[in-house]
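Student: Could you take me through one part of this protein slowly? I would like a close look at how charged side chains pair up, and at what surrounds them.

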Amino acid sequence: MRRIVQAICLFTFLALFFYTCWPYDARPASQGSTSDRWVLVNMDEPSGEFRFERSSDTATRSVAFEIAIGQTVYLTDKISLDSGVQLDQIPIGSFQVSSNQSGQIAGTFVNALDPVLQDSIIHSESGGGSITIFQRDPTARPSHYADNLARKERIPAETFLIIDPLVSLSTAIASRSWVWSLACAAIILFVCVLIPRGFCGYLCPLGTTIDLFDWAIGRRTKRFRVPDDGWWVHIKYYLLAGTLVAAGCGVLVSGFISAVPVITRGMLFLFAPLQTGTLRGWHLIPSFHLGHVLSIALFLCVLGLGFLRPRFWCKYVCPSGAVFSLGNLFRVTERKVESSCINCNKCVEICPFDAIKPDFTTRTTDCTMCQSCGGVCPTHAIKFVERWNVVELKVEDEPPTQETSLGRRGFLSLAAGSTAAAVGGLTVAAATKSWGADLSNPNAIRPVRPPGSVPEKEFLEMCIRCGECFKACPNDVLQPEGFQQGLEGLWSPIVVADWAGCESSCNACGQVCPTGAIRALPIEEKRVARMGLAIVNEATCLPAAGREECDLCVQECNAAGYHAIEYTQVGVELNEAGQPIEGTGLAAPLVMADKCVGCGLCQTRCHAINVKEKKLIAESAIIVAAGQDREDRLLTGSYLELRQEEQAAASDNASTSDGGFFIPETPPSQPETTQEPDDDPFGVNDASPF
């Protein structure tokens with residue numbers, strides 16, 4: 001039964017990691033059916049009712065869908081610019097149908113996109129049959145990545161991380177705050193009062209992986225085996241103490257050595273690239289650095305400890321297991337041995353946690369209630385009953401175990417170990433702080449963090465470096481930090497905009513974060529949460545430097561729905577009267593700081609085309625930067641409300657007109673159409689508009 005439960009839990013962990021957190025099965029919602037070639041028949045101004053008729057020209061007509069009375073549909077039209085360019089699918093607004101008969105529909109506009117635009121288009125003489133009707137709003141911003149994760153999360157993707165009690169406990173201590181996963185950790189600890197160390201024996205995916213390694217590889221080599229009574233038997237308690245001491249100093253190291261973060265990073269760095277390479281393309285795997293190598297080495301060392309003894313990590317080293325061992329002190333059930341025991345030693349040989357003494361009684365802090373011993377007992381002398389059951393028990397210390405009470409030597413060993421743990425925790429905390437993030441300097445360069453990240457100080461105290469956000473992030477926008485901030489920032493998520501930009505339809509990183517270092521924001525909140533600010537390098541930007549036309553960043557920003565980059569005219573020549581000479585100058589990008597959220601899509605596009613493909617510049621001419629006044633890092637509160645407050649303040653303090661910007665006669669942005677994920681997320685193969 002234990003093996004069945006272990007297999008189910010390991011399979012569930014792998015499914016959550018490799019399926020639930022796999023973003024590339026998301027597909028944008030279609031716009032539904034369309035019906036084109038409609039023309040305005042008349043408008044009743046008193047009632048505001050419009051009547052449209054479908055053109056009789058069937059040469060290019062699409063198949064009409066059934067428009068029901070009371071249905072809300074969405075209308076678009078064509079418009080001709082002064083330059084003669086004709087644009088399709090300019091949205092008019094949503095339209096509620098009140099009647100539908102004989103090829104004509106009537107109704108009123110609701111929530112029109114722009115009343116002025118609506119009036120000008122409907123009353124224009126753009127020709128018959130220019131209006132198209134959509135079943136769904138063609139201008140709606142996509143949310144397919146967020147919807148896809150929500151649909152697949154039957155249980156939270158971070159389930160195993162939130163039930164590792166050391167993760168929650170150390171995070172709460174380090175950040176001096178309530179961590180929501182503490183409640184989940186309390187539940188699993190309560191369950192373990194009934195099934196002592198049940199997490200280690202049944203649920204832990206790392207423990208099951210270690211069992212598989214020991215069965216397949218570790219048991220074949222016994223030359224490195226060590227006895228079961230050495231100095232190492234209490235390492236887990238000293239590691240736990242050192243971890244909590246460091247957390248008390250504001251340094252979170254539990255993510256380095258807690259059971260579930262160790263296996264999560266192992267799966268991320270070893271096997272996630274194989275999944276990406278096989279299913280999407282090997283060129284889409286981000287490059288490795290020293291931090292990756294260190295994490296993989298740590299995971300392999302955990303498995304390699306099985307050469308010393310089976311489940312060496314679980315028995316002697318794992319600090320998460322130490323939490324459950326201490327929890328065993330409050331157990332209400334226990335393994336008992338009856339007087340019918342014949343001292344055959346089979347239970348000692350099969351116990352995976354060295355929880356049975358030489359006299360065949362129980363080391364209660366180590367027993368996981370796996371019941372393996374009961375399965376091999378030939379006389380059925382082993383029972384698992386309430387703690388206070390003392391019926392027909394065998395005599396303890398028979399045969400003699402040579403185990404004594406703490407004594408002088410044991411006390412000295414305990415004192416020395418405890419001192420070493422405390423000193424080690426303080427040393428790690430001091431070293432990490434001295435060789436870590438420079439938070440005292442407001443002008444220091446800050447890494448760009450995921451949207452919804454809490455302030456940097458709290459972020460470093462709450463992020464356990466589990467890697468869950470990396471796996472759920474489309475196109476690997478988030479990548480593990482190296483040693484730029486020393487050990488304090490190692491493996492924490494940063495936005496690498498040269499590789500990819502943050503999708504406006506995704507909020508996965510916050511949804512899978514187990515500690516709240518990245519807040520779980522609704523998609524509407526995430527879209528306005530500023531990660532940083534895009535900054536144009538005028539010395540290398542092609543139009544700003546007067547080299548050639550380029551508006552890649554503007555196109556990308558508009559396609560994402562942010563419209564945070566506009567045009568300004570540079571290099572304009574003047575005639576003798578001081579007037580601009582027509583045809584001179586270039587339209588250069590100008591970032592609107594109040595609209596930019598730092599998604600990095602503009603930087604991705606510039607880097608992919610101008611740096612990698614055309615090799616016109618050495619690095620992207622527009623780069624997202626974080627730091628003071630460039631990002632929003634809120635512990636609590638709404639980003640939407642923050643944006644609204646900023647807009648209200650800007651309106652109150654507005655004292656200049658916006659006539660200082662030159663907007664060339666280029667077509668306005670088209671309604672956003674989302675594309676299915678492909679093997680070219682950087683747009684390297686897209687045709688250049690020039």
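Tutor: Let's begin with the term we need: a salt bridge is a side-chain nitrogen of Lys or Arg within 4 Å of a carboxyl oxygen of Asp or Glu. Side chains of opposite charge can pair when their charged atoms come close. Keep in mind that what you are looking at is a predicted model. Its average pLDDT over the chain is 85, and 87% of the residues score at least 70.

Now find K152, which forms a salt bridge with D25; their closest N and O atoms are 3.1 Å apart. This pair connects distant parts of the chain, since K152 belongs to helix α3 while D25 sits in the loop between α1 and β1, 127 residues apart. Is K152 buried or exposed? With a relative accessible area of 8%, K152 is buried, because buried means under 20%. Its partner D25 has a relative accessible area of 29% and is partly exposed.

Stay with helix α3 for a moment, which covers residues 144–152. Its buried residues are H144, Y145, A146, N148, L149 and K152. What covers them? The cover includes α1 (2–20), α22 (508–512) and α23 (523–526).

Let's follow the same idea elsewhere. R54 forms a salt bridge with D36, with 3.5 Å between the closest N and O atoms. Here R54 lies in strand β2 and D36 in strand β1, 18 residues apart. R54 is buried at a relative accessible area of 11%, and D36 counts as buried at 18%.

D36 also leads us to a neighbour, I131, in strand β6 (residues 131–134). Not counting residues up to four places away in sequence, I131 touches S35, D36, R37, W38, L40, F52, L75, T76 and D77. I131 counts as buried, at 3% relative accessibility. The C-alpha atoms of I131 and K78 are separated by 7.0 Å, although these residues are 53 residues apart along the chain.

Next, look for R633 and E456, whose side chains meet in a salt bridge of 2.8 Å, N to O. R633 lies in the loop between β14 and α26 and E456 in helix α19, so the pair ties together parts that are 177 residues apart in sequence. R633 counts as buried at 15% relative accessibility, and E456 does too at 8%. This pair also has company: R449, E456, E481, E631 and R633 are linked in a network of salt bridges.

Helix α19 (residues 456–462) holds E461 as well. E461 is buried, with a relative accessible area of 4%. The side chain of E461 makes a polar contact with the side chain of K457, at 3.0 Å. Leaving aside neighbours within four places in sequence, E461 is in contact with T171, A174, S175, G250 and L252.

Stepping back, a search of the whole structure finds 21 salt bridges, and the pairs we visited are among them.

For a contrast, turn to the surface, where I187, F190, V191, L194 and I195 form a nonpolar patch with about 470 Å² of accessible area together. F190, in helix α6, is exposed, with a relative accessible area of 57%.

One last point to keep in mind: pLDDT stays under 50 over residues 656–690.

How values were computed. Residues are numbered from 1 along each chain as its sequence is written. This is a predicted model: local features need pLDDT of at least 70, side-chain atom pairs count only at pLDDT 80 or more; totals for chains, interfaces and linings use all residues. Side-chain values use heavy atoms; hydrogens and water are left out. Patches are made of residues with over 30% relative accessible area and no salt bridge: like charges are joined within 9 Å, nonpolar side chains (Val, Leu, Ile, Met, Phe, Trp, Tyr) within 5 Å. Accessible areas come from the Shrake-Rupley method with a 1.4 Å probe; for residues, only the protein chains shown count as cover. Helices (H or I, at least four residues) and strands (E, at least two) are DSSP runs, numbered from the N terminus. Buried means under 20% relative accessible area, exposed over 50%, partly exposed in between (1.4 Å probe, protein chains only). Contact means heavy atoms within 4.5 Å. pLDDT is the predictor's confidence in each residue, from 0 to 100. A polar contact is a pair of N or O atoms within 3.5 Å; within protein, one must be able to donate a hydrogen and the other to accept it, and residues adjacent in sequence count only if both atoms are side-chain atoms.
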